[in-house]
Protein chains: 2
Amino acid sequence: MDDKKVSMAVVKRLPRYYRYLTDLLKLEVNRISSKELSEKMGITASQIRQDLNCFGGFGQQGYGYNVEILQREIGKILGMQNKFKAIIIGAGNMGNAIANYSLFAERGYSIVAIFDNNTEKVGKIINNLAVLDMNELENYIKNNRVDIAILTVPFQYTSQIAERVASLGIKGIWNFSPMDLRLSHEVKIENVHLSDSLMVLGYRMNKKIEEDKASL
Amino acid sequence: MDDKKVSMAVVKRLPRYYRYLTDLLKLEVNRISSKELSEKMGITASQIRQDLNCFGGFGQQGYGYNVEILQREIGKILGMQNKFKAIIIGAGNMGNAIANYSLFAERGYSIVAIFDNNTEKVGKIINNLAVLDMNELENYIKNNRVDIAILTVPFQYTSQIAERVASLGIKGIWNFSPMDLRLSHEVKIENVHLSDSLMVLGYRMNKKIEEDKASL
């Protein structure tokens, strides 16, 4: 499976395919055409065929897709078989929200520890994990498998903590600070920009306002 | 400005342009070429020119872009001049995190009220707002301008509450439940799927693992 030429636009749609296919499996749907999938997902059927062809197709003319196989294969492309282990740094509201978000476990990710530098938070239990002191970070990572650091710390600490976890050998950072974090290291980083999604909503609402005005 | 044919892929990049241009303005950069912007943003210069051409260009050959004008125009396309007002429904961890996220105000959005049906949460102060009882929702929306409902409620209540706010005339819903909420009404909905972004990180980490294996 040569996926070297796969664009990030396609990759970003894969989790969505995964979600829909998982929902179909729960409904015991075993087989689906690109047309039906297209109607469900609000993507054109040709887009779906094109996307999945990047990874070798999976579909059969006249049959459609086998839901279980397709879901499993997309899961593999997304790396779910690695069962990545993550720590959360920052036990504030966002850290709490993420620690309690049960869907990550369903997607094969486990949260194995939570850290904070606030002594009032250290020792508090969040979803069965006691918050650890930041001083224990080096020791913890040395003695446990940790693949991903989820950063939910204030903006001004983000770069410094990112450098720290990268130097400890962490391979992935999921960053919730409103900045495009970049590191020189070989660390993969996904920056979550919540306000981007709100602004897309604003765009769509504004477009409707403009259209309504124009049709008066 | 005819933006009827603008694809959602372009729209989704606009908040990112807005962020970068805002950062440049803070650094008192007044003018930038598509090449420089491209290096900063990690998008090709031709992609940038193509994206901005969808809205009429803004650039001048040999000069580049005027940062202030471009930022303001993109802000307008994104509808920031509407100064949308939002309520949060669900005063849990995610609701708290969003209520305390100062960036939304910078982007022109204001959180005007927070609701919860848990009497233990009602009356609690979150970022200067007292949590209101869900029973007051109808009354509040009748007497105050509310454009957007931010839903941070448990999965099983999401559809029902979405229908309720839509029937009260709310024009936009920002949904944090892990589902693709759809309404028959003329309500614009953005569904935030946090796990999608984590899975994209997983894809990129997995790809590196595969490449490292291949190069052994």
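## Sheets of the two chains

Two strands are taken to pair if DSSP finds at least two bridges between them, and in this predicted model that criterion gives chain B an open sheet of six strands in the order 7-4-3-8-9-10, with parallel pairing. Strand 7 (132-133) and strand 10 (188-191) of chain B stand at the edges with a single partner strand each, so one side of each has no neighbour in the sheet. Within this sheet, strand 8 (residues 148-151) of chain B runs parallel to strand 9 (residues 172-175) of chain B and is joined to it by four bridges, one pair of bridge partners being I148(B) and G172(B).

Chain A likewise holds an open sheet of six strands, ordered 7-4-3-8-9-10 and paired in the parallel sense, in which strand 7 (132-133) and strand 10 of chain A are the edge strands, each pairing on one side only. Strand 8 (residues 148-151) of chain A pairs with strand 9 of chain A over four parallel bridges, and I148(A) has G172(A) as its bridge partner in strand 9 of chain A.

## Helices packed on the sheets

Each sheet is covered by a helix of its own chain and is also touched by a helix of the partner chain. In chain A, helix 8 (residues 155-167) lies across strand 3 (85-89), strand 8 and strand 9, and runs at about 170° to strand 8 of chain A. From the other chain, helix 9 (residues 194-214) of chain B packs on the sheet of chain A, where it touches strand 8, strand 9 and strand 10 of chain A, its direction making about 165° with that of strand 10 of chain A.

In chain B, helix 8 (residues 155-167) lies across strand 3 (85-89), strand 8 and strand 9, at about 170° to strand 8 of chain B. Returning to the bridged pair of strand 8 and strand 9 of chain B, helix 9 of chain A packs on that sheet, touching strand 8, strand 9 and strand 10 of chain B, and its direction makes about 165° with that of strand 10 of chain B.

## The interface and its symmetry

In the contact between the chains, 48 residues of chain A meet 48 residues of chain B. The elements of chain A that each supply at least two residues to its side are helix 1 (8-26), helix 5 (93-99), helix 6 (103-106), strand 9 (172-175), strand 10 (188-191) and helix 9 (194-214). Helix 9 of chain A makes the largest contribution, with 15 residues, and the residues of this side of chain A divide into 27 nonpolar, 11 polar and 10 charged.

A turn of 180° with a shift of 0.0 Å along the axis lays chain A on chain B with an RMSD of 0.0 Å, which is the relation of a two-fold axis. The same surface serves both copies, since 100% of the contact residues of chain A recur in chain B. Of the residues of chain A, N93(A) comes closest to the rotation axis, its C-alpha lying at 2.5 Å.

## Domains and a helix pair

Chain A is divided into domain 1 (8-80) and domain 2 (85-195), with C-alpha centres 31 Å apart.

In chain B, helix 2 (residues 34-41) and helix 3 (residues 45-53) pack at an angle of about 110° with their axes 8 Å apart; the two helices are therefore roughly perpendicular to each other. Their contact brings S34(B), K35(B), L37(B) and S38(B) of helix 2 against A45(B), I48(B) and R49(B) of helix 3, a set that divides into three nonpolar, two polar and two charged residues.

How values were computed: Residues are numbered from 1 along each chain as its sequence is written. Chains are lettered from A and ligands numbered from 1 in the order in which they are written. This is a predicted model: local features need pLDDT of at least 70, side-chain atom pairs count only at pLDDT 80 or more; totals for chains, interfaces and linings use all residues. Axes are lines fitted to C-alpha atoms, for helices over the stretch in contact, and angles run from 0 to 180 degrees between N-to-C directions. Angles under 35 degrees count as roughly parallel, over 145 as roughly antiparallel, 65 to 115 as roughly perpendicular and the rest as oblique. Two residues are in contact if their C-beta atoms, placed from the backbone, lie within 7 Å. Ala, Val, Leu, Ile, Met, Phe, Trp, Tyr, Cys and Pro count as nonpolar, Asp, Glu, Lys and Arg as charged, and the others, Gly among them, as polar. Copies are superposed by least squares on the C-alpha atoms of residues with pLDDT of at least 70 in both. Domain bounds come from an automatic or database domain assignment.
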